[in-house]
Amino acid sequence: MGNFGNLIMNENMKIFRRPRTWIMLSILALISLLMPVLLNEGMGSSEVPYWQAAITTVQIVFFLNTIFCVVIAAEAVAGEFTWGTIKLLLIRPWSRSKILASKYLTVIGFSILSTLLVVILATVMSYMLFSHSVTQDGSGVSASHAFALWGYLYVDLFITLAIAFMVSSVFRSGALAIGLSLFIMFTQNLFSLIFNPVRYEWAKYVLFNNMDLSRYMNSASDYGLLGDGNAGMTLGFSVAVLAVYYVIFMLISWVVFNKRDVAG
């Protein structure tokens, strides 16, 4: 277990020794602090609850956070092949499975760190600038609502990272992993609209239609909440579908990486 800990430490050093990592984190921090200020100038602070401002800020910044995390995930494996350092790893007394696991856990660790950075800074700045009054009109701006939404956003990020990591492992191309992940991010809603589960029964099993779990927070959602939603889609159903896709992505990554010939 100590050797595996050293592997994870080594992977973290690779990430945090690069200036671009700190630049990305700095950009996330700056925007997370600046966005509530801009919202305050535009909406005022007298009536807007600070949780609402925090939610809006995180939703805006999270898109950029996803891109930065995808960059880290895409380079985790593909970068080793590009720089030719994969051979140095494989000659060490570590199995390929441990090497890949350490890289993946490091990527997940970075995504959690960047997400917490965005959430904490956005919440603190919103708390300082916006109203603390508690509304009783059911507007859905409570702490529980905010954290539930942010949790669903992270699930979307989590699955996107799994895709980027798989492509990086299979094709050894960081550019392809980044490009495909960005394509999914930009076209997710479009494909969900085209392949509507209400019209096509099989479409409810499509990845794109299950990634955005935040829609289940609204009882008036097109697909329903925890009860009998349209096309039979519920929160539990989408989580199960995502879990199956996730297992498939991880299996492909591990199988290909363990069988790949790195000679030459």
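1. Long-range contacts. In this predicted model, 79% of the contacts between residues at least 6 apart in sequence join residues at least 24 apart. The chain has 264 residues, of which 47% count as buried.

2. Secondary structure. The chain holds 9 helices and 0 strands. Read from the N terminus, the order of elements is therefore α-α-α-α-α-α-α-α-α, helices being numbered in that direction.

3. Helix α7, length. This helix covers residues 174-194, which makes 21 residues. At 1.5 Å a residue the expected span is 30 Å, and the end C-alpha atoms lie 29 Å apart, so the two values agree.

4. Helix α7, kink and burial. A kink of about 55° is centred on T187. T187 is also among the buried residues of α7. The others in that list are G174, A177, I178, S181, I184, M185, Q188 and S192.

5. Surface. About 13000 Å² of the chain is exposed, and 67% of that area comes from carbon and sulfur atoms. A nonpolar surface patch is formed by I112, L116, I120, V124, Y127 and M128. Together these residues have about 590 Å² of accessible area.

6. V124. This member of the patch sits in helix α5, which runs over residues 96-129. Is V124 buried or exposed? Neither label applies: its relative accessible area is 43%, so V124 counts as partly exposed, the class between under 20% and over 50%. Patch residues need over 30% relative accessible area, so the 43% of V124 meets that cut-off.

Note on methods
Residues are numbered from 1 along each chain as its sequence is written. This is a predicted model: local features need pLDDT of at least 70, side-chain atom pairs count only at pLDDT 80 or more; totals for chains, interfaces and linings use all residues. Side-chain values use heavy atoms; hydrogens and water are left out. Helices (H or I, at least four residues) and strands (E, at least two) are DSSP runs, numbered from the N terminus. The expected span of a helix is 1.5 Å times one less than its number of residues. The bend at a residue is the angle between axes fitted to the seven residues ending there and the seven starting there. Buried means under 20% relative accessible area, exposed over 50%, partly exposed in between (1.4 Å probe, protein chains only). Contact means heavy atoms within 4.5 Å. Accessible areas come from the Shrake-Rupley method with a 1.4 Å probe; for residues, only the protein chains shown count as cover. Patches are made of residues with over 30% relative accessible area and no salt bridge: like charges are joined within 9 Å, nonpolar side chains (Val, Leu, Ile, Met, Phe, Trp, Tyr) within 5 Å. A salt bridge is a side-chain nitrogen of Lys or Arg within 4 Å of a carboxyl oxygen of Asp or Glu.
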